[in-house]
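Work through the exercises below with the sequence and the 3D structure open beside you. Try each task before reading its solution.

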Amino acid sequence: MRIDQEKCSGCGICIPYCPANAITIVNKKAQIDEDECFECGNCSRIRVVRCPKKAFFEQPGLYEGTRAARKFFSDPMTTHSVTKIPGRGTEEVKTNDVTGRVVRGQIGIAIEMGRPCLGTNMEQVEQMTVALGKLGIEFEEMNPLTHLMEDREKGTIKPEYMNEKMVSAIIEFGIPVSQMVPVMDVIKEVAKELDTVFSLDMIYRFEEDGSLPIVPVLEEMGIRVRKNSKVNLGLGRPVVTR
Amino acid sequence: MTHSLHRRGTEESLKDDYVLLVTSAYGFNHEGSKDKMRKVLEEVFAEEPANIGSYDTGTILSGVDIQEIRDALNDVPRVRCSFSTKEKMLAVLKKIKELDQGMSVTVSGLTEEVLDMAKELEIKPHCINLSLEVWGNVEKLPSEEVLELVTMCGHGLISSGLVEDCIEKVKKGRMTTRDAAIKISHPCVCGIYNPDRAEKLLEKYVPLKEEELA
Ligand code: SF4
Ligand code: SF4
């Protein structure tokens, strides 16, 4: 994002809105640190910041270079060119009753790198994906991050994307329940080395009797399952019964 | 990906907070689903959600009206909103079930409460997305009070700076808790942020007395 220096009055209204803390006042004008900016679009929205001088504008060519990754991963008002899904590119549990991506005997895992608050760069994402690659993880095809990988088996990210930063990037994959313990152990190990944070999700298909036998297993591993969650009610069609 | 499952807060505070997502699945049932979703949208709106919006327009809290949200439904249509009571959430789910449009429906909230609603409506839930906490360098995160408000936007667009700025203004008596709750809502464009819950969270910041401000 850029600010038209001729238009900006230096009022400072926009500053607290930036999730990257990338806006500062220099010589009585607001300026954006382009290296820090996530291209989330917050500041330029007329119903969010409401810049009185309409000074924000997108840099030309934003969608052509690697910087587009910042936009697609940070701005929910874009539709990702690969998955065609509005928002940031995956539907995880939201449509699982229709798509059947996670079936019984499997679990879906989503690791949202950078969330909450801190954001992430691709280097930190790769720390996690490479560690998971060693376990033979198959990354989710319908997830935009998978498409930035140089080698999907190894989990390496294309070098040209390494300097990109975003609000968050979601690593997504499915595994058989039997692989859960080693995978969670790796996730916990990488967590210790990261400079950022991640929110961890686990998608699980209810058993026929409505139970969730995975919960006590997680608790035994010392992983806290929060009291709030997202439940897919199974009203979609075609309902996947597997 | 609206990560509504990662809302932080106490059980007491989360029990009056539900997020409803109705979603068409790209490549499976998205084609021709716009009219179906419009019907769902109308029923949802009739139950007076605390907030509703869309990726394409923004939310009612930022000045968008329901007609705009309706007109802007795109080719992979979806409904995103929040409710502040279990009764309303239940009433909406009942209507959606009756409408039977075949779109996927998820509700985020306290698991026990959501499953209880499903039972009452004789709905058999399909799957669950469990929140397994935040990991990594958590020492860099802002305070839990700030996180409770920040995490109400599933896309991480509410900055801690905005929340801290609003809390400061409430403390100085320069902003009401309601105005602060609405201002913080604006970056959450899809409408899952719950302003009623936010207002309650902000009520602990009573304006300081003059001598305390000095
Ligand atoms: S809100 Fe607009 S005019 Fe005010 S400092 Fe920011 S860019 Fe400049
Ligand atoms: S686009 Fe987002 S990250 Fe970049 S300056 Fe604007 S608010 Fe900050």
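The exercises that follow go from the contact between two chains to a shared sheet and then to two domains.

This is a predicted model, in which local features need pLDDT of at least 70 and side-chain atom pairs count only at pLDDT 80 or more, while totals for chains, interfaces and linings use all residues. Residues are numbered from 1 along each chain as its sequence is written, chains are lettered from A and ligands numbered from 1 in the order in which they are written, and side-chain values use heavy atoms, with hydrogens and water left out.

**Exercise 1. Describe the contact between chain A and chain B.**

Step 1: Begin with the residues that touch, where contact means heavy atoms within 4.5 Å. Chain A contributes 76 residues to the contact and chain B contributes 85 residues.

Step 2: Turn to the buried area, which is the accessible area (1.4 Å probe) that two parts lose on being put together, summed over both. Between them, chain A and chain B bury about 7,200 Å², and 59% of this lies on carbon and sulfur atoms. On the chain A side, the most area is lost by A:Arg47, A:Arg226 and A:Leu233, which together account for 11% of what that side buries.

Step 3: Look for salt bridges, each being a side-chain nitrogen of Lys or Arg within 4 Å of a carboxyl oxygen of Asp or Glu. There are 5 salt bridges between the two chains, and one of them links A:Arg226 to B:Glu133, with the closest N and O atoms 3.6 Å apart.

Step 4: Ask which elements of chain A take part, remembering that helices (H or I, at least four residues) and strands (E, at least two) are DSSP runs numbered from the N terminus. Among those that supply at least two residues each to the side touching chain B are helix 4 (180-193), strand 11 (197-205) and strand 12 (228-232). The largest share, 9 residues, comes from strand 11 of chain A.

**Exercise 2. Follow the sheet from one edge to the other.**

Step 1: Recall that two strands pair if DSSP finds at least two bridges between them. The open sheet has 10 strands in the order 10(A)-5(A)-11(A)-6(B)-12(A)-5(B)-1(B)-4(B)-2(B)-3(B), and the pairing is antiparallel.

Step 2: Locate the edges, which are strand 10 (169-176) of chain A and strand 3 (58-59) of chain B, each pairing on one side only.

Step 3: Examine a pairing between the chains: strand 11 of chain A runs antiparallel to strand 6 (residues 127-136) of chain B over 8 bridges, and A:Arg205 stands opposite B:Cys127.

Step 4: Examine a pairing inside chain B, where strand 1 (residues 18-23) and strand 5 (residues 104-110) are antiparallel over 5 bridges, with B:Val105 as the bridge partner of B:Val22.

**Exercise 3. How do the two domains of chain A meet?**

Step 1: Set the bounds, which come from an automatic or database domain assignment: domain 1 covers 1-60 and domain 2 covers 78-220. Their C-alpha centres lie 32 Å apart.

Step 2: Count the contact, in which 5 residues of domain 1 meet 6 residues of domain 2. The area buried between these domains is about 420 Å², with 54% given by carbon and sulfur atoms. Of the area that domain 1 buries against domain 2, 82% is supplied by A:Pro19, A:Asp35 and A:Phe38, more than by any other three residues.

Step 3: Finish with the charged pairs, where the count between the domains is 2 salt bridges. A:Lys165 forms a salt bridge with A:Asp35, whose closest N and O atoms are 3.3 Å apart.
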